[in-house]
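User: I should like to learn how to read the features of a structural model. May we proceed one feature at a time?

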Amino acid sequence: MVQLGMVMAKRSQLQSCRKAMLLAGCHQNFFLRSVQTVAPADAIRTRPIPVCVAPTVEEFVNGCYQAQTPMVIRGAMETWASRKWTPESLKEKFGHLNVPVELGFWKEEEGRYGDYRDLYQESITHAGSKEYFMAHQPMSLTDFIDIFMCKREDSSSPPPLIGYMAQHQLLTEVPEMANDIPDPDYVKAQRAVYQRNIWLGPAGTISPLHFDPYHNILAQIWGTKHIRLYAPEESSRLYPFTSSMFLRNTSQLNPEDLNASKKWPEFEKAQHWDCELRAGEMLYIPLKWWHYVRAVSNSLSASFWWL
Ligand SMILES: O=C(O)CCC(=O)C(=O)O
C-alpha cells in the first residue's frame, strides 16, 4: 500500500493550516505529474491525507474545513485526561456501565467478520412504515474488555468471534467521562456538537465503507486505525447498496479486496486518501466523505459529528 503522509514535525515549521493545504496541493500535482511515467497504476488512485500540527481554530476553519478536504491533526489532544486511561483504569472507573456490543462471527468464505451490514434488520410497523434496528449484545464494560480486548494466547488464526462497541453515545450518557474526552475546539468554536460517539474494540474491527451526513472529527485515544477515504464525487464508483434504505450510505465492496474491481469494474477508477491514525491524532472527515476504518490494534476512539 502506498503511504505518502505529509508530516510536519514542529509547529514552527508550519505558518498556517492553509499553507499546509497549499503544500499538499503542490505535492499532489507534482505526484500526479510524475506518476504518469513511473508509478504503478494503483499509485495514481492513492493520495496521502495532509497532516497539520496543532492548527488554530481559525487555521482549521479557513483551511481544510473551507476546502472540504480531509486533514490529520496532531498535537491537539495533549491535555485530554483520557490519553492516560488504560483498560484497567477504564474498568475501575466505568466497568459497571452496561454497553451495547456488535458481535461479528468470522466469515471464512468472505475473509471478514460480520458487521452492521449483517446485523441490521428491517420490519414494518403497525402504521405500515419501515423500522430499522440493529441487534446488539448488552454487557458490562468490564466483561467487554475482559472477553474481547485481552491478549490471545493463540494468535495464529483469527478468533471466531469479534466484539465492537461501536458508535455508542457514552459521553452523553456519562457526563463524567466527557471531562476526559472534551469536545474539540475545532467544533465547539463554530457549532454545537450534534452527536458524540465512542468506538472501543480489538484489532480487526471494521467499519465498512460508508458516509455520514455530518462533518466529523475522529479522535484516536489509544491504538491505531487504518483509514481510507473517498470524496463524495466518487459515489457512483463505490456501488452503494440500493435495496435497503438503511444501507444506502454503505458500499457493497471491501476497498481492501484486491479483486474488488473484478466484480465492481468502476471501482478501479476511484481515487482514495489513506492514513494510519495513531494515538493522539484527530482526523477531519468532511461531510458526506466515504470512510472505511480497520483497527490495527486494540483501539479507543471518539467521534464528534456536527452540521
Ligand atoms: O472508527 C470506526 O470504526 C468508524 C468511525 C466512523 O464511522 C465515524 O466516526 O463516523
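User: Among contacts in the chain between residues at least 6 apart in sequence, what percentage join residues at least 24 apart?

Analyst: Please keep in mind that this is a predicted model. Of the contacts between residues at least 6 apart in sequence, 79% join residues at least 24 apart. The chain has 10 helices and 17 strands, and 32% of its 307 residues count as buried.

User: How is a single residue read, and is Ser 82 buried or exposed?

Analyst: One counts the other C-beta atoms within 10 Å, and a residue with 20 or more is buried. Ser 82 has 20 such atoms and is therefore buried. Its place is the loop between strand E3 (71–74) and helix H4 (87–94). Leaving aside residues up to four places away in sequence, Ser 82 touches Asp 180, Ile 181 and Ile 221. The C-alpha atoms of Ser 82 and Leu 300 are 9.7 Å from each other, although 218 residues separate the two along the chain.

User: Why does Leu 119 count as partly exposed?

Analyst: A count between the limit for exposed, 12 or fewer, and that for buried, 20 or more, makes a residue partly exposed. Leu 119 has 14 C-beta neighbours inside 10 Å, so it falls into that class. Leu 119 belongs to helix H5 (residues 116–119). Its contacts, residues up to four places away in sequence not counted, are Glu 102, Gly 114, Met 134 and Ala 135. For Met 134, which is 15 residues away along the chain, the C-alpha separation from Leu 119 is 5.6 Å.

User: How does one read the sides of a helix, and which residues of helix H3 are buried?

Analyst: One asks how the directions from the helix axis to the C-beta atoms are spread. In H3 (residues 57–67), Glu 59, Phe 60, Gly 63 and Cys 64 are buried. These residues lie on the same side of H3 because they cover an arc of only 95 degrees around the axis. Glu 58 and Gln 66, on the other side of H3, are exposed. After H3 comes Gln 68, with a positive phi near 55 degrees.

User: Which residues of helix H6 are buried, and what do they pack against?

Analyst: The buried residues of H6 (residues 141–148) are Leu 141, Phe 144, Ile 145 and Phe 148. Their arc around the axis is only 100 degrees, so they are on the same side of H6. They pack against H4 and against strands E4 (98–107), E8 (137–140), E9 (161–168) and E10 (195–201).

Notes: Residues are numbered from 1 along each chain as its sequence is written. This is a predicted model: local features need pLDDT of at least 70, side-chain atom pairs count only at pLDDT 80 or more; totals for chains, interfaces and linings use all residues. Helices (H or I, at least four residues) and strands (E, at least two) are DSSP runs, numbered from the N terminus. Two residues are in contact if their C-beta atoms, placed from the backbone, lie within 7 Å.
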